[in-house]
Amino acid sequence: MADPIIRVKDLKKIYRVGEIEVPALRGVSLDIQPGEFVSVVGPSGSGKSTLFHILGGLASPTSGLVKIDGEDLSAITDRERTRLRRTKVGFVFQRYNLLPTLTAMGNIEMARYFGGNTGPLEQSFIDLLKTLGIHSRLHHKPRALSGGEQQRVAIARALVNHPTILLADEPTGNLDTENSVKVLDVLRDLNSRLGQTILMITHNPEAAAYGHRTVLMRDGRIVGEN
Ligand SMILES: Nc1ncnc2c1ncn2[C@@H]1O[C@H](COP(=O)(O)OP(=O)(O)OP(=O)(O)O)[C@@H](O)[C@H]1O
């Protein structure tokens, strides 16, 4: 088997709120192979988003090992963490998080700029925009787009720097069934056709079934897998 693209070992995260300690992750271990599409499910508060925030370089762990593409996240500086976040990880959020003052293309270009990529867009990315079905909507601001279109722009933004891993935190949580299916089909296509490694949090069993395997979290631990 290939080396895992993500290796998480005995990961712990304790949030401190004043005097109170909130254990969000109590020892999570998980390996993701290149090209896998893995769903993460579990009740509210089980630690799913905390795990994603650490993998995405948005939060640091209290203890444990996190490696992405061989780079140890616990052993890097904040500056290196920022670089990793901008180049190795693409993040898709439930509420799209597009900047409202920029057009769809402006949102994508800004992410590309911060990822250190300049010059004309690669043909492969232009093809991807067509696959996502948003190429004719790129000069609109987010408010002129449907929720499904906004999420597909957010997916394009997340992929513009060719990340090692796409992290999707409830990408269909805000969408109706028709748009959910479109977004999930796009994710499945990105995975099967382009080999994009994907990790997706969802509360919806039908969405979880798009993954090759499903990891179940409860109380800050992984308690099952199928
Ligand atoms: N910034 C924070 N400060 C303090 N506690 C936090 C913080 N973020 C999360 N928590 C706590 O950590 C635990 C795990 O939260 P997390 O958001 O990771 O769960 P989740 O499984 O993603 O939940 P949901 O499905 O509701 O998004 C919860 O008890 C939560 O209240």
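Helix H3 passes helix H5 in a right-handed crossing, and that is a handy way into this predicted model. From there we can walk through a second helix pair, two open sheets and the shell around the ligand. One of the sheets has six strands, and the other has four.

**H3 against H5**
- H3 covers residues 104-114, and its axis comes within 8 Å of the H5 axis, with a crossing of roughly 20°.
- Angles under 35 degrees count as roughly parallel, so that label fits H3 and H5.
- On the H3 side, the residues in touch are Ala-104, Asn-107, Ile-108 and Ala-111. They meet Val-153, Ala-156 and Arg-157 of H5.
- Sorted by class, this contact holds five nonpolar residues, one polar and one charged.

**H5 against H6**
- H5 also has H6 (residues 177-194) as a neighbour: the two axes come within 9 Å and cross at roughly 20°. That angle makes H5 roughly parallel to H6.
- Here too the crossing is right-handed, with H5 passing H6.
- H5 brings Gly-147, Gly-148, Gln-151, Arg-152 and Ile-155 to this contact, while H6 brings Asn-179, Lys-182, Val-183 and Val-186.
- The class split for H5 with H6 is three nonpolar, four polar and two charged residues.

**The six-strand sheet**
- What does H5 lie across? H5 (residues 147-159) lies across strands S6 and S7 (165-169), and it runs at about 165° to S6.
- Those two strands belong to an open sheet with mixed pairing, and reading across it gives S6-S7-S8-S3-S9-S10.
- S6 (89-92) and S10 (221-225) are the edges of this sheet; each has a single partner strand, so one side of each has no neighbour in the sheet.
- On average, neighbouring strands in the six-strand sheet are turned by 20° against each other, ignoring direction.
- At the S10 end, S9 (residues 213-218) and S10 run antiparallel and are joined by four bridges. Leu-216 stands opposite Gly-224 of S10.

**The four-strand sheet**
- This one is open as well, with antiparallel pairing and the order S2-S1-S4-S5.
- Which strands are at its edges? S2 and S5 (71-72) are, each pairing on one side only.
- S1 and S2 are antiparallel partners joined over ten bridges. Arg-16 has Glu-21 in S2 as its bridge partner.
- Two residues sit between the strands in the S1-S2 hairpin, and Gly-18 takes a positive phi near 60° there.
- S1 also runs antiparallel to S4 (residues 63-68), with five bridges between them.
- Ile-6 is a useful marker for these pairings: its bridge partner in S2 is Ile-32, and in S4 its partner is Ile-68.

**Around the ligand**
- Which residues are around the ligand? Tyr-15, Val-17, Val-22 and Ala-24 are among them, and the rest of the shell is Gly-42, Ser-44, Gly-45, Ser-46, Gly-47, Lys-48, Ser-49 and Thr-50.
- The elements giving two or more residues to this shell are S1 (6-17), S2 (20-32) and helix H1 (48-55).
- H1 gives the largest share, with three residues.
- What is the class make-up of the shell? The shell has four nonpolar, seven polar and one charged residues.
- The S1-S2 pair thus links two topics here: these strands are joined by ten bridges, and both give residues to the ligand shell.

Conventions: Residues are numbered from 1 along each chain as its sequence is written. This is a predicted model: local features need pLDDT of at least 70, side-chain atom pairs count only at pLDDT 80 or more; totals for chains, interfaces and linings use all residues. Two strands pair if DSSP finds at least two bridges between them. Axes are lines fitted to C-alpha atoms, for helices over the stretch in contact, and angles run from 0 to 180 degrees between N-to-C directions. Two residues are in contact if their C-beta atoms, placed from the backbone, lie within 7 Å. Angles under 35 degrees count as roughly parallel, over 145 as roughly antiparallel, 65 to 115 as roughly perpendicular and the rest as oblique. A crossing is left-handed if the near helix is turned anticlockwise from the far one by less than a right angle, and right-handed if clockwise. Ala, Val, Leu, Ile, Met, Phe, Trp, Tyr, Cys and Pro count as nonpolar, Asp, Glu, Lys and Arg as charged, and the others, Gly among them, as polar. A residue is near a molecule or strand if its C-beta atom, placed from the backbone, lies within 6 Å of it.
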